[in-house]
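The exercises below are to be worked with the sequence and the 3D view side by side. Each task is followed by a solution in steps.

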Amino acid sequence: MKQGSWFAIGAMLLAVPLGAQGKPLTVTGVRGVTFGAVLPGVPRVVLRTDPANSGQFDIKGPKGNVLLSFVLPLTMTGPSGALMPLAFGSSDAGYSTTQAIGSQVGFDPKQPFTAAIPNNGRASVFIGATANAATNQRAGAYTATIILNVTVLP
Amino acid sequence: MRSITKLSLVVAALGMTGTALQAQTNNAAITATASVATPINVVGAQQLSFGNVFPGVNKTVAATDVTNGGRFDVTGQTSTPVTLSFTLPATLSSGGNTMPIVSYTGVHALLATQAGGIAFSPAAGANPTLSGTGALFVWVGAQVQPATNQVAGVYTGSITMTVVY
């Protein structure tokens with residue numbers, strides 16, 4: 001009997017962490033930010049609400065708070081190492097607990113943002129940006145990488 | 001002895017608890033992509049030339065005059081709209097002497113022959129579209145009005161055309 005009690009305590013202590021782990025946290029890059037054709041000297045804006053051109057990440061994880069933080073590029077790199085400035089506004093990122101692009105809470109992608117993963121364990125993050133091509137911007141294809149870090153908060 | 005075994009079990013459980021409470025972190029990357037179009041290039045290809053003018057006799061060079069009209073050649077992104085704007089002098093100068101230049105006219109066309117050209121007012125500017133090869137040709141004409149006592153000499157002025165997407 002006494003031995004059974006000890007076992008029960010041990011099982012309870014084990015049950016807490018195993019339960020808290022729940023679903024593993026996964027982050028998936030679904031869609032890149034696509035500026036398409038950019039004219040020299042003409043800024044090209046992609047809104048986070050743009051269903052075709054905005055960037056999208058999907059998050060799966062345990063219900064609860066997570067911390068979202070981006071690693072944002074300052075420039076895009078093009079032919080022969082040519083650079084094109086890339087800007088992110090204070091509301092260029094959006095968080096959606098329904099994963100619907102039309103239902104977002106905007107936030108500043110340059111600042112860490114605390115979000116809540118809903119009961120179903122799914123959410124999405126959208127991001128827009130502005131490409132600022134100089135008037136003498138070298139023609140060609142430009143790319144940059146945007147990284148989203150997600151951390152489950154205790 | 002039995003107590004030690006039980007204590008070990010609890011310690012092990014606590015240890016696992018500590019491990020599990022460490023924050024989960026994950027990340028993913030996406031790519032931003034853009035295709036920058038050809039920059040605009042403008043060349044002053046031909047001067048606006050009035051030739052000899054006589055005091056008291058106005059002289060006009062039409063924008064349709066492909067020989068004497070001023071011409072700018074533009075290249076850029078194919079089939080893309082552009083905006084033309086001009087800085088137009090009100091007078092030509094020869095040393096300290098001036099001669100009025102007025103009534104500017106313009107024609108833009110996709111071919112250097114001016115075939116299919118479209119007339120416009122340089123003072124108002126224009127919004128043509130570059131050709132399928134990214135070309136545009138713009139001609140400028142005007143009228144000079146020498147006074148009856150206009151001092152003889154070579155008179156010049158600068159016409160500037162600005163092109164933006």
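A residue is buried if 20 or more other C-beta atoms lie within 10 Å of its own, exposed if 12 or fewer, and partly exposed in between. The model is a predicted one.

**Exercise 1. Burial classes**

Task: Assign Ser103(B), Ser79(B), Arg122(A) and Gly102(A) to the classes buried, partly exposed or exposed.

Solution.
- Step 1. Ser103(B) has 14 C-beta neighbours inside 10 Å, so Ser103(B) is partly exposed.
- Step 2. Arg122(A) is partly exposed because its count inside 10 Å is 16 C-beta neighbours.
- Step 3. For Ser79(B) there are 11 other C-beta atoms within 10 Å, and therefore Ser79(B) is exposed.
- Step 4. Gly102(A) has 8 C-beta neighbours inside 10 Å, so Gly102(A) is exposed as well.
- Step 5. For chain A as a whole, 32% of the 154 residues count as buried.

**Exercise 2. Positive phi in chain B**

Task: Locate Ser79(B) and Ser103(B) in the elements of chain B and state the phi of each.

Solution.
- Step 1. Ser79(B) sits in the loop between β4 (70–75) and β5 (83–87) of chain B.
- Step 2. Its phi is positive, about 55°, although Ser79(B) is not a glycine.
- Step 3. Ser103(B) belongs to strand β7 (residues 97–109) of chain B.
- Step 4. Ser103(B), a residue other than glycine, also has a positive phi, near 55°.

**Exercise 3. The five-stranded sheet of chain A**

Task: Give the strand order of the open sheet of five strands in chain A, then name its edge strands.

Solution.
- Step 1. Begin with the element list: chain A has one helix and 13 strands. From the N terminus on, the helix is followed by the strands, as α-β-β-β-β-β-β-β-β-β-β-β-β-β.
- Step 2. The sheet has the order β1-β4-β11-β8-β9 in chain A, with antiparallel pairing.
- Step 3. The edge strands are β1 (26–31) and β9 (105–107) of chain A, since each pairs on one side only.
- Step 4. Direction ignored, neighbouring strands of this sheet are turned by 25° against each other on average.
- Step 5. The antiparallel strands β1(A) and β4 (residues 55–60) of chain A are joined by five bridges. Within β4(A), Gln56(A) is the bridge partner of Arg31(A).

**Exercise 4. Two partners of one strand**

Task: Which strands do bridges join to β5 (residues 64–71) of chain A, and how many bridges are there to each?

Solution.
- Step 1. Five bridges link β5(A) to strand β10 (residues 113–117) of chain A, and the two run antiparallel. Opposite Leu67(A) stands Thr114(A) in β10(A).
- Step 2. Six bridges link β5(A) to β13(A), again with the strands running antiparallel. Opposite Phe70(A) stands Leu148(A) in β13(A).

**Exercise 5. The largest nonpolar core**

Task: Find the residues that touch the most other members of the largest nonpolar core, and list the contacts of Val125(A) beyond four places in sequence.

Solution.
- Step 1. The core has 39 residues, and Val125(A) and Ala131(A) touch the most other members.
- Step 2. Strand β13 (residues 140–152) of chain A supplies the largest share of this core, six residues.
- Step 3. Leaving aside neighbours within four places in sequence, Val125(A) is in contact with Phe57(A), Ile59(A), Leu68(A), Ala93(A), Tyr95(A) and Leu148(A).
- Step 4. Another core lies apart from it and has 22 residues, including Phe72(B), Val82(B), Leu84(B) and Leu136(B).

**Exercise 6. Sequence separation and distance**

Task: Compare separation in sequence with C-alpha distance for Arg122(A) and Gln99(A), and for Gly102(A) and Gly32(A).

Solution.
- Step 1. Arg122(A) lies in strand β11 (residues 122–127) of chain A. Gln99(A) is 23 residues away in sequence and 7.4 Å away in space, C-alpha to C-alpha.
- Step 2. Not counting residues up to four places away in sequence, Arg122(A) touches Lys60(A) and Gln99(A).
- Step 3. Gly102(A) lies in the loop between β8 (93–96) and β9 of chain A. The C-alpha atoms of Gly102(A) and Gly32(A) are separated by 18 Å, with their positions 70 residues apart along the chain.
- Step 4. Among contacts in chain A with a separation of 6 or more, residues 24 or more positions apart account for 76%.

**Exercise 7. Confidence**

Task: Where in chain B does pLDDT stay under 50?

Solution.
- Step 1. Chain B averages a pLDDT of 89, and 86% of its residues score at least 70.
- Step 2. Over residues 1–21 of chain B, pLDDT stays under 50, and the model has 22 contacts beyond four places in sequence for this stretch.
- Step 3. The scores for the model are ipTM 0.85 and pTM 0.71.

Methods. Residues numbered from 1 in each chain as written. Chains lettered and ligands numbered in written order. Predicted model: local features only at pLDDT ≥ 70, side-chain atom pairs only at ≥ 80, totals over all residues. Core = buried A, V, L, I, M, F, W, Y, C linked by C-beta atoms within 7 Å. Helix = DSSP H or I, 4+ residues; strand = E, 2+ residues; numbered from the N terminus. Contact = placed C-beta atoms within 7 Å. Pairing = 2+ DSSP bridges. Axes fitted to C-alpha atoms, helices over the stretch in contact; angles between N-to-C directions. pLDDT = per-residue confidence, 0-100.
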